[in-house]
Amino acid sequence: MATQPTASKRAPPAASNGNRRSSVLASGTKFSWSDVSFSVNHKKTKSSEKTSTKILDNAYGSLEPGTLTAILGPSGSGKSSLLNILAGRITSSSSTSITGKISVNSVLVDPVSNRANVAYVLQDDCLPKTTTPLEALLFSASLRLGVKVTKSEKEERVNAMLEELGLIDCQNTLVGDALTKGISGGERKRTSIGVELVTSPDLIFLDEPTSGLDSYAAWKCVLTLKKISVDDNATVLATIHQPSSEIFQQFDNVIVLGKLGLVLYSGPVPKLASHLSTHGYPLPFETNPSDHALFVIMTQPITEQISNGLYDKAVVDKHDLEKTETEESVEGYINEGVYVPLIEASFFKQFRWLLKRECRSVYRDVGGLLGRFGGTIFLNLLFGLIFLNAGKTSTSPVDFNNHFGALTLVTISAMFGTASPALLQFPSERPVFLREYSTGTYTVMPYLASKMAVELPLLFVQALVQTLCVYFLIGFQGNFGLLVTAWWALGLASNSVAIAVGCTVTNVKDAAELTPLVFVPQLLFSGFFVSISSIPVWLRWAQWLCSLKYTLNLLLLIEFSPDVCSENSETESNCNSLFARNDISSDLIWFYVLVLCGLFLGFRLLGGFLLVKRARTVF
Ligand SMILES: Nc1ncnc2c1ncn2[C@@H]1O[C@H](COP(=O)(O)OP(=O)(O)OP(=O)(O)O)[C@@H](O)[C@H]1O
């Protein structure tokens, strides 16, 4: 790791103003880097010492305002790694090492601190499926543009951006996803670009903006980037895979990454062909220079490429670059610190916009609503019919067990029924959160609060529907309102656990695999399959994490009230034995309520903590 420059030589932090430009980015931004190396360390094994693979070896390059530059190279040559390093999206870790110098307008910067000044468009379009392009751009503009930009100016900027990106016709169509038809892939990509560009950034980095697009959509996309670079005097850098001639000609400059992490060429697009020809690889007639460069890299032996001097030009350029940028002879550095986003909007503004979006996502996701309430109604009617009238009498041990069994099974079903929508939904929402958090759109507290504000009534309605289905069919005798409240509390706590699980995984499959691990042990403490007193003492602590256990404690106290238990001596003895076996006492009702509240809040905060930890390190 190179040493850090003195504080006075660093670029000042980004200013918190309307257009988010820091003072070093005031009028067009020159961005350059040199000696950027990236290696991946491999673990030490018994047979070998710790080794490392160099992905980038002293990479260098320079971007001018008003230009569009491509990073080109074979698959695995380090294009995305270079872009991520320059954008401050990856830093050194225990398994990777990054060194180099990065400067903005000839001032050395720490790329992590500079992150807020770079609009970064990810390869995957992380957009909420139930939003429209117009809403997505408005959301971004409203939360990311400071108070100095008025509401009408933000709307004007959004409309201009929609027009510039050719999104006017589809501005009110839902984005959709793989399962729900929405706007086209090209429109989705342009929406992702618009969400970043609406803040009028000077530096725009894009990871494979044309991937997944057909040739016309890809050409249109690059044309748009070119127009933005010229019209807005923006500095645009994009990684790109095998561009067609038409696309390649739109770029002003190109950086070609070759084998061994070396830079083969960095300069104007028209001069790439002569660079290859000069070093023994003339461009065949009517061949795209970018195709030819990739062909040479992949087919010619690397020793021959080096001995032919293909990478020599790189050395000359590198020296030129160092001369201009190290005039002040400062050492560059790449920080290992965490990223703290710059937030423009107040807590309430963030909450308001997030709540609006969250509400839309509920009522527009008709399939999700049908699954949630359809499943609840179907299962609970089934329980109601199977345990028909089981709650009306508890005199014999069999009747008592049926009554207890009905209550337990309805509660277990409620736990899974309230956790599964969050488990299925959250992993797909997580990338959206990570992107928006990392771009300083909002922080974690308003995000979690807005989710909670929508879930509270939704889970209440779910608990109410469930109680309506089973209460009269089974003939439960507890207070209707208290039963609804207890099942509602269980729904909230289970939902929190599901969100915490969702925060640790990246996809629905992993979430589904983790689900039994988190929820099945709760069944052990329900008291139905095995009494708490039979569980080894050293394992009983786990009940403190089980919302099912504390909800059942409350439900049993509500349902088997003194009135029900005093029906006859046998019922009374069954009640006493049930409470004793499961350590339940009516004196502890408020304690059970507090534990449920604690689990609800605790898992919610854990989820938030895990999300922020992830967002602040690598994204
Ligand atoms: N954190 C990491 N740990 C281990 N290997 C890594 C890491 N980051 C990158 N690599 C490796 O570095 C190499 C370059 O990856 P990178 O994604 O930058 O290439 P690329 O040129 O963008 O590839 P593609 O065009 O296929 O997307 C790959 O072999 C990749 O496996």
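Let's start at the ligand: 13 residues surround it, and the closest are Val40, Ser75, Lys79, Ser80 and Ser81. Keep in mind that this is a predicted model. What sort of residues make up the shell around the ligand? Mostly polar ones: 10 are polar, two are nonpolar and one is charged. If you're wondering which element gives the most to that shell, look at helix 1, residues 79–86, which puts in three residues.

From there, follow helix 1 to the strands beside it. Helix 1 lies across strand 1 (31–42), strand 2 and strand 4, and runs at about 120° to strand 1. Those strands belong to an open sheet of four, with antiparallel pairing and the order 2-1-4-5. Strand 2 (51–63) and strand 5 (107–108) sit at the edges, each pairing on one side only.

Now have a closer look at the strand 5 end of the sheet. Strand 5 pairs with strand 4 (residues 96–104) in the antiparallel sense, over two bridges. To find the spot in your viewer, pick Val104, which stands opposite Val107 in strand 5.

Further along the chain there's another antiparallel pair to visit: strand 9 (residues 253–257) and strand 10 (residues 263–268), joined over five bridges. Here Asn253 is the residue that stands opposite Pro268 in strand 10. Strand 9 and strand 10 make a hairpin, with five residues between the strands. Which residue in this hairpin takes a positive phi? That's Leu260, with a phi near 60°.

Key:
Residues are numbered from 1 along each chain as its sequence is written. This is a predicted model: local features need pLDDT of at least 70, side-chain atom pairs count only at pLDDT 80 or more; totals for chains, interfaces and linings use all residues. A residue is near a molecule or strand if its C-beta atom, placed from the backbone, lies within 6 Å of it. Ala, Val, Leu, Ile, Met, Phe, Trp, Tyr, Cys and Pro count as nonpolar, Asp, Glu, Lys and Arg as charged, and the others, Gly among them, as polar. Two strands pair if DSSP finds at least two bridges between them. Two residues are in contact if their C-beta atoms, placed from the backbone, lie within 7 Å. Axes are lines fitted to C-alpha atoms, for helices over the stretch in contact, and angles run from 0 to 180 degrees between N-to-C directions.
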